Amino acid sequence: MSVTDAPDGASETRPQRCGLVAIVGRPNVGKSTLLNALVGQKVSITSNKAQTTRHRITGIRTVGEAQFVFVDTPGFQTRHGAALNRTLNRTVQGVLSDVDVVLFVVEAGRFGLDDAKVLGLMQSDSMQGKPVILIANKLDAVPRRAELAPWLKGMQERHHFAEFVPLSAKREVDVQRLFGIIKPYLPVQPWFYEEDALTDRSDRFLASEIIREKLFRLTGDELPYASTVIIDKYEEEGGLRRIAASIVVERDAHKGMIIGAGGERLKRIGSEARQELETLMDARVFLELWVKVRSGWADDEEHLRSYGYE
């Protein structure tokens, strides 16, 4: 139960609310940016490259008597049939069957074939009766807001959305408004986590994700999506973290792209990852990075499982 001050000065007890809230959409609509804004801390990595989010990431935020358990999902893949993409799509579908509310994220004023394929998931049997809130993200990129009216009418004809929320995930006032919109849809039940919890992921997992984010950002479009990061060693020694990680790619040519001339690119990946990890963990970090070639790993179910993909 949560205790708040009533208008007359007496204490008023309100029942706790808690629920799972999925954040879904095609790649690059801003799902991870929205999750980080909602949690108030970075728990999901971001980049302009599709397929940045590959795992079910849980971010937790407790506001008043309500605990919001947000689940960021991989962007639903529609263009590649490799085992990695099939695994990511199973993750999305599995999340939808478990949650209480869905935030369907699109870019304000846009709706393409890939968005339609994700929306199709909302019409499965497992989704019947579950509220779906349409999040029109990147509102700041829309030059004339009046143009959204006909677009919104078309969206309402596609699906019976519980709410329509135009916003920019980068604006704090928009993010705070979203809490109030979602709250009534959360079940009345005890919280799942402690009040100050932010994520259910370990520091070891977050380390691999931060390294992969720097990899994606610093290689741009040169490096294909078939690369991942494996933590080989994670040790805590007081205020020091010793981390050894392997960047796994499919070809020798990819290895050269990551290492760069004189090893400069790999050094920069390591340096930027280390600095962010030190801030995130509030500790000194000693980071070693290696690049390994594993041909065909992204289309091998056994490799995927060994690398931690669900």
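**Entry 1. Helices H1 and H5**

I looked first at where H1 meets H5, and I recorded Leu34, Ala37 and Leu38 on the H1 side against Val175, Leu178 and Phe179 on the H5 side. I sorted the residues of this contact by type and found six nonpolar, no polar and no charged. I note that the model is a predicted one.

I then took the geometry of the pair. H1 covers residues 31–39 and H5 covers residues 172–182; their axes are 10 Å apart and the packing angle is about 80 degrees. Angles of 65 to 115 degrees count as roughly perpendicular, and I therefore entered H1 and H5 as roughly perpendicular to each other.

I checked how well H1 is covered. Eight of its nine residues are buried. Among them are Leu34, Ala37 and Leu38, and the list also includes Lys31, Ser32 and Asn36. Just after H1, I found Gly40 with a positive phi of about 90 degrees.

**Entry 2. The chain as a whole**

I noted nine helices and 11 strands in the protein chain. Of its 310 residues, 51% are buried. I also looked up the contacts with a separation of 6 or more, and 70% of them join residues 24 or more positions apart.

**Entry 3. Aromatic pairs**

How many aromatic pairs are there? I counted five aromatic pairs. I examined Phe104 and Phe161 in detail: the ring centres are 6.3 Å apart and the planes lie at 5 degrees, so I entered the pair as stacked. Phe104 belongs to strand E6 (residues 101–107), whereas Phe161 lies in the loop between helix H4 (148–158) and strand E8 (163–166); the pair therefore ties together parts that are 57 residues apart in sequence.

Are these two rings on buried or exposed residues? Phe104 has 0% relative accessibility and counts as buried. Phe161 is buried as well, at a relative accessible area of 12%.

I also found a cluster in which ring pairs link Phe68, Phe70 and Phe179. Phe179 is a residue I had already listed in the contact of H5 with H1.

**Entry 4. Arginines over rings**

I recorded two cases. Arg212 lies over the face of Phe216, 5.5 Å from the ring centre. The charged end of Arg242 sits over the ring of Phe286, at 5.7 Å from its centre.

**Entry 5. Ala162**

I returned to the loop between H4 and E8, where Ala162 is found. Ala162 has 30% relative accessibility and so counts as partly exposed. Which residues does Ala162 contact, leaving aside its neighbours within four places in sequence? I listed Pro131, Val132 and Tyr185. For Pro131 I also took the C-alpha to C-alpha distance to Ala162, which is 5.5 Å, although the two are 31 residues apart in sequence.

**Entry 6. Positive phi values**

Most residues other than glycine have a negative phi, so I noted the exceptions I came across. Asn28 has a positive phi near 65 degrees. I placed Asn28 in the loop between strand E3 (17–24) and H1, and at 33% relative accessibility Asn28 counts as partly exposed.

Lys138 has a positive phi near 60 degrees. Lys138 lies in the loop between strand E7 (132–137) and H4. With a relative accessible area of 29%, Lys138 is partly exposed.

Technical notes. Residues are numbered from 1 along each chain as its sequence is written. This is a predicted model: local features need pLDDT of at least 70, side-chain atom pairs count only at pLDDT 80 or more; totals for chains, interfaces and linings use all residues. Side-chain values use heavy atoms; hydrogens and water are left out. Axes are lines fitted to C-alpha atoms, for helices over the stretch in contact, and angles run from 0 to 180 degrees between N-to-C directions. Helices (H or I, at least four residues) and strands (E, at least two) are DSSP runs, numbered from the N terminus. Angles under 35 degrees count as roughly parallel, over 145 as roughly antiparallel, 65 to 115 as roughly perpendicular and the rest as oblique. Contact means heavy atoms within 4.5 Å. Ala, Val, Leu, Ile, Met, Phe, Trp, Tyr, Cys and Pro count as nonpolar, Asp, Glu, Lys and Arg as charged, and the others, Gly among them, as polar. Rings of Phe, Tyr and Trp (its six-membered ring) pair if their centres lie within 6.5 Å; planes under 30 degrees apart count as stacked, over 60 as edge-to-face and the rest as tilted. Buried means under 20% relative accessible area, exposed over 50%, partly exposed in between (1.4 Å probe, protein chains only). A charge sits over a ring if NZ of Lys or CZ of Arg is within 6 Å of the ring centre and within 35 degrees of the ring normal.
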